[in-house]
Amino acid sequence: MTITEKIGQRLVGGFPGTEMSPEFIRLVKEYKIGNVILFQRNCESSGQLAKLCRDIQELVGRETGHRAFITIDQEGGAVTRLPCEAVNVPGAMALAAAGGPENAYRAARLTAAELRSYGINFNLAPVADVNNNPDNPIIGVRSYGDTAEQAARYAAAALQGYLDGGVMASAKHFPGHGDTAMDSHLSLPCIDKTLEELERLELRPFKALIGAGCPAVMTTHILFPRLEPDNVPATMSRRIITGILKERLGFKGLVVSDCVEMQAIGVYYGSAKGAAAAMAAGVDLVLVSHTAETLEEAARACREAVDSGEIAMEELDASAEKILRYKEQYCMEPVGAPERPEALAEAAALRQATITLAQGTIPELGEKPFFCGCADYQAGLVSNREMEKPAFAEFMASRLGGVALVTGKDPSPEEIQTAADAARGHSSIFLSAYNGHLFPGQTALMEALGKLDIPMAVVALRNPYDLRYAPGHAAAIAAWDYSRLTLEALVPVLAGKARPQGRLPIALERRA
């Protein structure tokens, strides 16, 4: 391979829309980009997605001589990319609520079968982060729990499910994204822990997954000043990627960067510079997920880094050869669609088992229930964009009767007063929370409605940490994600026709 071809094998690009853009096609031809990442924006329907994957493989195979890694963040739950009609499973913390690690394995096997049916061969999961910071704005329910032991057990089960299903998998986000109250998509977080402190908690799931044969590990864009004094995040740090991950932990697989267009890299260092620095640090696959211009700049920057010696030629060769070895194992032809009715039923049963009553008794609806809460919104840049689905309040009122009132994601004092006035005289109150621990208006609304002396339930539609603020007399229900599938699963629970089956898998310290 030429230097251009070797660099192209180490880049993963994305594009908008349901077909490859002309700009992306040009970059594959000119820079030999060897891999693709898909998002919800690329996944309109099952038939369209299968065709897109075939088109990608035809183009990349013709231009590079090798098949493409087609990657996706199909974690389940809050981070779901596949079309609505696909087999979509609950997320990590929800699966932990549903019972033992076998549920994580079952969900991963279902996901692997679904991905392979389209031709997607690399899932950027499981999450191995320990969510030990309840105020974490971006991990939360994407983690299997708030202890290293639980995160390791469930992530290892999910890993085995993906691998048994024939899909490449990547543990993330090394060396740990759980203990931060900032989102690296929007800022540059810092975790001021020593290596010994990280080894007692954050690194334990990664060690377990490496020991279990995990083929890939994704890095995080977080500063670890006790590990890397040069003020660069883990993705760009040779001390962390090569020194700790490869040498100290003995990881021999593919190292994958999180997207270098995230603001933690793009704003503070520049995405193209970040891509070159990541390769020099020992990252094998660098994600440039969104913009053709940035992908082109990254390819050029990486070539300049090779020419200058910043990226060693022997490491470029070794990385490209390693990527091709893994492609031989995982970049197979699509496997026919799974038995979708059975798979959909199994996924639905898993989801129903995740609904968790964390506090109190669910009130009876009565003759005139009142449903309230914000509509769906993009909770973080890793999350899907807002979907065309009814808000919790409208959905439940349409199914269960009563009155619906939809608020903003951070209700103003005027909205709160309007909701309290509207709720008076109703037989019950069902209030949804969606990352309410990050928005004072949502917690203030809980408090105001809780003072009305009406039977009440609070439903957390993402992080269960919202339930810390639920009034003491209210039922507190963890539902884990804001999706139509989860709203459907809630209907029989709120109607009193099904008992919540889940158990809270994390510790909650009440704030109300």
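**Notebook: a loop leucine, two helices and the rest**

I started at Leu438, which lies in the loop between E12 and helix H17 (440-450). I kept in mind that this is a predicted model. Is Leu438 buried or exposed, or something in between? I found Leu438 partly exposed, because its relative accessible area is 34%, and the partly exposed class runs between 20% and 50%. Next I looked up what Leu438 touches, leaving out residues up to four places away in sequence, and noted Asp135 and Pro137. I also checked the spacing to Tyr465: the two residues are 27 apart in sequence, and their C-alpha atoms are 9.9 Å apart in space.

**Entry: Gly14**

I moved on to Gly14, in the loop between strand E1 (11-13) and H2. Gly14 counts as buried because its relative accessibility is 4%, and the cut-off for buried is under 20%. I then asked which residues contact Gly14 once neighbours within four places in sequence are set aside. My list reads Phe24, Ile37, Arg41, Val288, Ser289 and His290. For Thr71 I noted a C-alpha to C-alpha distance of 9.7 Å from Gly14, with their positions 57 residues apart in sequence.

**Entry: H2 and H12**

Phe24 turned up again when I looked at H2, as one of the residues that meet H12. I looked up how the two helices sit. The axes of H2 (residues 22-31) and H12 (residues 292-308) come within 10 Å and cross at roughly 15°. That angle makes H2 roughly parallel to H12, because angles under 35 degrees fall in that class. I wrote down the crossing as left-handed.

Which residues make the contact? On the H2 side I have Glu23, Phe24, Arg26, Leu27, Glu30 and Tyr31. On the H12 side I have Ala292, Leu295, Glu296, Ala299 and Arg300. By class, this contact has six nonpolar residues, five charged ones and no polar ones. As a reminder to myself, residues three or four places apart in an α-helix point the same way, because a turn takes 3.6 residues.

**Entry: H15 and H18**

I came back to the elements around E12 by way of H15 (392-400), where Phe392, Ala393, Phe395, Met396, Ala397 and Leu400 are buried. What covers these buried residues of H15? I noted that the cover includes strand E10 (369-374), strand E11 (403-407), E12, E13 and H18. Just after H15, Gly401 has a positive phi of about 85°.

For H18 (residues 484-494), I listed Thr486, Leu487, Ala489, Leu490, Val491, Val493 and Leu494 as buried. They pack against H14 (340-354), H15, E12 (428-433), E13 (456-460) and E14 (475-478). Just after H18 I found another glycine, Gly496, with a positive phi of about 80°.

**Entry: the whole chain**

I finished by stepping back. I counted 18 helices and 14 strands in the protein. Along the principal axes, the C-alpha atoms fill a box of roughly 75 × 50 × 40 Å. I checked the radius of gyration too: it is 23 Å, which agrees with the value near 24 Å for a compact globule of 512 residues. Buried residues make up 63% of the 512. How many of the contacts between residues at least 6 apart in sequence join residues at least 24 apart? I noted 78%.

Technical notes
Residues are numbered from 1 along each chain as its sequence is written. This is a predicted model: local features need pLDDT of at least 70, side-chain atom pairs count only at pLDDT 80 or more; totals for chains, interfaces and linings use all residues. Side-chain values use heavy atoms; hydrogens and water are left out. Axes are lines fitted to C-alpha atoms, for helices over the stretch in contact, and angles run from 0 to 180 degrees between N-to-C directions. Helices (H or I, at least four residues) and strands (E, at least two) are DSSP runs, numbered from the N terminus. Angles under 35 degrees count as roughly parallel, over 145 as roughly antiparallel, 65 to 115 as roughly perpendicular and the rest as oblique. A crossing is left-handed if the near helix is turned anticlockwise from the far one by less than a right angle, and right-handed if clockwise. Contact means heavy atoms within 4.5 Å. Ala, Val, Leu, Ile, Met, Phe, Trp, Tyr, Cys and Pro count as nonpolar, Asp, Glu, Lys and Arg as charged, and the others, Gly among them, as polar. The radius of gyration is taken over C-alpha atoms; the globule rule is 2.2 Å times the number of residues to the power 0.38. Buried means under 20% relative accessible area, exposed over 50%, partly exposed in between (1.4 Å probe, protein chains only).
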